Amino acid sequence: MLGIDRKLLGKREHRDGFAGGGHAVAEFAHHRFGGVRQRFQARQAEEAAGALDGVHKAKNIIAFAKAVISDHQSEVPTTLQELQKLPGVGRKTANVIQGVLCDKAEGIAVDTHVTRLSYRLGFTKQRDPAKIEKDLMKWIKPGDWALISHLLIHHGRAICAARSPKCSD
């Protein structure tokens, strides 16, 4: 474990006018996050996982494009059933594609923001995306299904955030 050089830290605290409290902060950080090496290794692991996720998405996009070209004569399918047969396309993505490209919807795209807001607003008591979608479809008229996901996602990012909602502002 790589520890904190307390002598260097002490000199810096004094020079910067932070004498007294700096050791407590350093001690807390050391116990909370471990040594610098462990924190750096954890960060590297997170970045590697993100890069792999990006590679996975890129492979799906390429496979999606190839399937559209070869199986659908370069035309993106317009039904949920056909869209979900394409590589990397689940129900949520199929709903988004259908809503954006076709301006129609056979369902409602449910992501993390839609899940959180649907629960908070009392549209559902469910946590499963398929069940949430069915509950929302009871509340929202079919002509608005393509739009509602975008509105909830935007509201979830801008106002009703997961950790610090601004609902009362």
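Here are four short exercises on the packing and charge pairs of this predicted model, each with a worked solution.

The model is predicted, so local features need pLDDT of at least 70 and side-chain atom pairs count only at pLDDT 80 or more, while totals for chains, interfaces and linings use all residues. Residues are numbered from 1 along each chain as its sequence is written, and side-chain values use heavy atoms, with hydrogens and water left out.

**Exercise 1. The nonpolar cores**

Task: Find the largest nonpolar core and say which helices give two or more residues to it.

Solution:
- Start with the term: a nonpolar core is a set of buried Ala, Val, Leu, Ile, Met, Phe, Trp, Tyr and Cys residues joined through side-chain atoms within 4.5 Å. Buried means under 20% relative accessible area, exposed means over 50%, and partly exposed lies in between (1.4 Å probe, protein chains only).
- The largest core has 14 residues, and those with the most contacts inside it are Ile108, Val114, Leu136, Trp145, Ile148 and Leu152.
- Two or more residues each come from helix H6 (112–120), helix H7 (129–139) and helix H8 (145–158). Helices here are DSSP runs (H or I, at least four residues), numbered from the N terminus.
- H8 gives the largest share, five residues.
- Apart from this core lies another, of eight residues, including Val68, Leu83, Leu86 and Ile97.
- As background, nonpolar side chains tend to be buried together in soluble globular proteins.

**Exercise 2. Around Leu152**

Task: Work out where Leu152 sits and which residues it touches, not counting those up to four places away in sequence.

Solution:
- Leu152 belongs to helix H8.
- Its relative accessible area is 7%, so Leu152 is buried.
- With contact meaning heavy atoms within 4.5 Å, Leu152 touches His113, Val114, Leu117, Ser118 and Leu121.
- For a sense of the fold, take Arg116: it is 36 residues from Leu152 in sequence, yet their C-alpha atoms are 9.3 Å apart.
- Now try Ile148 under that sequence limit: Ile148 touches Ile108 and Ile140.

**Exercise 3. The salt bridges**

Task: List the salt bridges and state how accessible each partner is.

Solution:
- A salt bridge is a side-chain nitrogen of Lys or Arg within 4 Å of a carboxyl oxygen of Asp or Glu. The structure holds three.
- Glu82 pairs with Lys85, the closest N and O atoms being 3.2 Å apart. Glu82 is partly exposed at 28%, whereas Lys85 is exposed at 57%.
- Arg91 pairs with Glu133 at 2.6 Å, N to O. This pair links distant parts of the chain, with Arg91 in helix H5 (residues 91–102) and Glu133 in helix H7, 42 residues apart. Arg91 is partly exposed at 34%, but Glu133 is buried at 5%.
- Lys138 pairs with Asp135, and their closest N and O atoms are 3.7 Å apart. Both lie in helix H7, three residues apart, about one turn of the helix. Lys138 is exposed at 67%, while Asp135 is buried at 16%.

**Exercise 4. The cysteines**

Task: Say how many disulfides the structure has, then classify Cys102 and Cys160 as buried, partly exposed or exposed.

Solution:
- A disulfide is a pair of cysteine sulfur atoms within 2.5 Å. A search of the whole structure finds zero.
- Cys102 has 25% relative accessibility, so it counts as partly exposed.
- Cys160, at 5% relative accessibility, counts as buried.
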